[in-house]
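Here is a friendly walk through a protein structure, meant for someone who has not seen it before. Take a moment to turn the picture around, and then read on.

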Amino acid sequence: MKKSERISVLVEQFGDDQVGALDPHYLGYFACFNARQYYEAHDVLEHLWLRTRDADHLFFKALIQVAGAFVHLQKQHVFPAHPKHATRLRPAVRLLHLGAANLAPYAPRYLRLDVTALTRLCHHLAAEIVSSGFTRNPWHPAHPPQLHLEAS
């Protein structure tokens, strides 16, 4: 199945947001993220980001960076001794910092997301990793962070 077909299947269920007229790709991002499907969350939102040129462009980019950071954290957790995946904490921190910096102009709330809380999460995780000397991954599948949209 092609990437565009996979994305269509993922966002199909979000085609009719009755509450706030949010794009199904945006809603799909959160569904994938909360299901620990960070790579898919990245792909789903990237599809929207690539065709967006308005004020939302940087916001979507930041969310993609956050998902990318979680791809690194998840892979490093699953394969901590693997030559490629063992070194994923540094790129995760870089993406957490980039995502937080790009989210900052949208605080405190944007498109029903508590941007301040997500920025705080990014800084907290990055600080944990850095303070451990890049040896401790704070992400664990038993308690992954959840991102929720607020009611409009």
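The paragraphs below go from the overall layout to helix packing, then to aromatic rings, and finally to some individual residues.

Please keep in mind that this is a predicted model. Let us begin with the overall layout. The protein is built from 6 helices and 2 strands. If you follow the sequence from its start, the elements come in the pattern α-α-α-α-α-β-β-α. The protein has 152 residues, and 44% of them count as buried. How much of the contact in the protein comes from residues 24 or more positions apart? Among contacts with a separation of 6 or more, such residues account for 64%.

Now find helix H4, which covers residues 56-78, and helix H6, which covers residues 115-131. These two helices pack at an angle of about 35°, and their axes are 12 Å apart. The crossing of H4 past H6 is left-handed. Which residues make the contact? On the H4 side you will find Phe59, Leu63, Val66, Phe70 and Leu73. H6 brings Val115, Leu118, Leu121, Cys122, Leu125 and Ile129. Sorted by character, the contact has 11 nonpolar residues, with no polar and no charged ones.

While you are looking at H4, pick out alanine 69, which lies in this helix. Alanine 69 counts as buried because its relative accessibility is 0%, under the 20% that marks a buried residue. Setting aside neighbours within four places in sequence, alanine 69 touches Ala92, Leu95 and Leu96. Leucine 95 is 26 residues away from alanine 69 along the chain, yet the C-alpha atoms of the two are separated by 5.3 Å.

The aromatic rings deserve a tour of their own. A search of the whole structure turns up 13 aromatic pairs. One of them joins tyrosine 29 and phenylalanine 30 in an edge-to-face arrangement, 5.1 Å from centre to centre and with 85° between the planes. Are these two residues buried or exposed? Tyrosine 29 is buried, at a relative accessible area of 0%, and phenylalanine 30 counts as buried too, at 5%.

Another edge-to-face pair is made by tyrosine 38 and tryptophan 139, with 6.1 Å between the centres and 80° between the planes. This pair links distant parts of the chain: tyrosine 38 belongs to helix H3 (residues 38-49), tryptophan 139 sits in the segment after H6, and 101 residues separate them. Both tyrosine 38 and tryptophan 139 are buried. Step back a little, and ring pairs can be seen to link a cluster whose members include Tyr26, Tyr29, Phe30, Tyr38, Tyr106, Tyr110 and Trp139. Phe59 and Phe70 belong to this cluster, and they also take part in the contact of H4 with H6.

Next, go back towards the start of the chain and look for aspartate 23. This residue lies in the loop between helix H1 (3-11) and helix H2 (24-34). Aspartate 23 counts as partly exposed because its relative accessible area is 23%, and the partly exposed range runs between 20% and 50%. Beyond its neighbours within four places in sequence, aspartate 23 is in contact with Leu48 and Arg51. Leucine 45 is 22 residues from aspartate 23 in sequence, and 9.8 Å from it in space, C-alpha to C-alpha.

A few details of the backbone round off the tour. Alanine 107 and proline 108 are joined by a cis peptide bond, with omega about 10°. Proline 108 has its place in the loop between helix H5 (89-103) and strand S1 (109-110). In the loop between S1 and strand S2 (113-114) you meet arginine 112. Arginine 112 is not a glycine, but has a positive phi of about 70°. This arginine 112 is buried, with a relative accessible area of 15%.

Which other residue has a positive phi without being a glycine? Phenylalanine 134 does, with phi near 65°. Phenylalanine 134 lies in the segment after H6, and is partly exposed at a relative accessible area of 24%. Over the face of the phenylalanine 134 ring lies arginine 90, at 3.9 Å from the ring centre.

Terms used
Residues are numbered from 1 along each chain as its sequence is written. This is a predicted model: local features need pLDDT of at least 70, side-chain atom pairs count only at pLDDT 80 or more; totals for chains, interfaces and linings use all residues. Side-chain values use heavy atoms; hydrogens and water are left out. Axes are lines fitted to C-alpha atoms, for helices over the stretch in contact, and angles run from 0 to 180 degrees between N-to-C directions. Helices (H or I, at least four residues) and strands (E, at least two) are DSSP runs, numbered from the N terminus. A crossing is left-handed if the near helix is turned anticlockwise from the far one by less than a right angle, and right-handed if clockwise. Contact means heavy atoms within 4.5 Å. Ala, Val, Leu, Ile, Met, Phe, Trp, Tyr, Cys and Pro count as nonpolar, Asp, Glu, Lys and Arg as charged, and the others, Gly among them, as polar. Rings of Phe, Tyr and Trp (its six-membered ring) pair if their centres lie within 6.5 Å; planes under 30 degrees apart count as stacked, over 60 as edge-to-face and the rest as tilted. Buried means under 20% relative accessible area, exposed over 50%, partly exposed in between (1.4 Å probe, protein chains only). A charge sits over a ring if NZ of Lys or CZ of Arg is within 6 Å of the ring centre and within 35 degrees of the ring normal.
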